[in-house]
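Work through the exercises below with the structure open beside you. Try each task before reading its solution.

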Amino acid sequence: MITTRGRVISIADGLALVRLPAPEGCGKCGSKGSCGGAQERTLRLPAGALHAGDEVTVSTTAGALSRGVFLAYVLPALSFIAGAVAGQMLYGTDEAAVSGASLGLLGGLLALRLFGRRNCTPDFHSHHGAIHE
């Protein structure tokens, strides 16, 4: 189980907008935040009994994280390669391979967006408590 703590910044339409801090390891990484992972993130979760200002612990399973990584990185790469191969095989030119790769990447990104909206349900669990500052 992977966990992190965050803070509810707002509630709207039954969803809580939770701000998650940048991972602690980002400060020690050699890329110094150029990857984009060193930024705060926001996450929408079912609000339930949460209120703005509540501190929450958000957790997810390693399997859900692996599925997300696969979908976000591997699916577009595979569709890019498949498009290049298809373009080359169908038309036999480098231009067709480049066009096929571009269309494959675009198709993979579109499929990722559609699949993410229709079939992925959040696999997050939140536990909240009052903030003591």
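From the N terminus on, the chain's elements follow the order β-β-β-β-α-α-β. The model is predicted: local features need pLDDT of at least 70, side-chain atom pairs count only at pLDDT 80 or more, and totals for chains, interfaces and linings use all residues. Residues are numbered from 1 along each chain as its sequence is written, and side-chain values use heavy atoms, with hydrogens and water left out.

**Exercise 1. The overall picture**

Task: State how many helices and strands the chain has, and what share of its residues is buried.

Solution:
- Step 1. Count the elements. There are 2 helices and 5 strands. Both kinds are DSSP runs, numbered from the N terminus: helices are H or I with at least four residues, strands are E with at least two.
- Step 2. Turn to burial. Buried means under 20% relative accessible area, exposed means over 50%, and partly exposed lies in between (1.4 Å probe, protein chains only). Of the 133 residues, 23% count as buried.
- Step 3. Look at the contacts, meaning heavy atoms within 4.5 Å. Take those with a separation of 6 or more: 68% of them join residues 24 or more positions apart.

**Exercise 2. Pairing the strands**

Task: Find which strands pair with strand 1, and in what sense.

Solution:
- Step 1. Recall the rule. Two strands pair if DSSP finds at least two bridges between them.
- Step 2. Start with strand 1 (residues 2-12) and strand 4 (residues 55-60). They pair in the antiparallel sense over 6 bridges. Arg7 stands opposite Glu55 there.
- Step 3. Go to strand 2 (residues 15-20). Strand 1 pairs with strand 2 over 5 bridges, again antiparallel. Ile11 stands opposite Ala16, and Ser10 stands opposite Leu17.
- Step 4. Inspect the turn. Strand 1 and strand 2 form a hairpin with 2 residues between them. Asp13 sits in this turn and has a positive phi of about 55°.
- Step 5. Extend the pattern. Strand 2 also runs antiparallel to strand 3, joined by 6 bridges. Ala16 faces Leu45 of strand 3 in this pairing.

**Exercise 3. Salt bridges**

Task: How many salt bridges does a search of the whole structure find? Say what each one ties together.

Solution:
- Step 1. Set the cut-off. A salt bridge is a side-chain nitrogen of Lys or Arg within 4 Å of a carboxyl oxygen of Asp or Glu. The search finds 2.
- Step 2. Take Glu55 and Arg5. Their side chains meet at 2.2 Å, N to O. Glu55 lies in strand 4 and Arg5 in strand 1, so the pair ties together parts 50 residues apart in sequence.
- Step 3. Check their exposure. Glu55 is partly exposed at 24% relative accessibility. Arg5 is partly exposed too, at 45%.
- Step 4. Take Glu40 and Arg19. Their closest N and O atoms are 3.4 Å apart. Glu40 lies in the loop between strand 2 and strand 3 (41-46), and Arg19 in strand 2, so this pair ties together parts 21 residues apart in sequence.
- Step 5. Check exposure again. Glu40 counts as exposed at 54%, while Arg19 is partly exposed at 37%.

**Exercise 4. The nonpolar core**

Task: List the residues of the largest nonpolar core and find which element gives the largest share.

Solution:
- Step 1. Define the set. A nonpolar core is a set of buried Ala, Val, Leu, Ile, Met, Phe, Trp, Tyr and Cys residues joined through side-chain atoms within 4.5 Å.
- Step 2. List the members. The largest core has 10 residues: Val8, Ala16, Val18, Leu20, Leu43, Leu45, Ala47, Leu50, Val56 and Val58.
- Step 3. Sort by element. Strand 2, strand 3 and strand 4 each give two or more residues. The largest share, 3 residues, comes from strand 2.
- Step 4. Focus on Ala47. This residue is in the loop between strand 3 and strand 4. Its relative accessible area is 7%, so Ala47 is buried.
- Step 5. List its contacts. Leaving out residues up to four places away in sequence, Ala47 touches Ile11, Gly14, Leu15 and Ala16.

**Exercise 5. A serine in a helix**

Task: Is Ser79 buried or exposed?

Solution:
- Step 1. Locate the residue. Ser79 lies in helix 1 (residues 62-91).
- Step 2. Apply the cut-off. Ser79 has 16% relative accessibility, so Ser79 counts as buried.
- Step 3. Find its neighbours. Beyond four places in sequence, Ser79 touches Gly104, Leu105 and Gly108.
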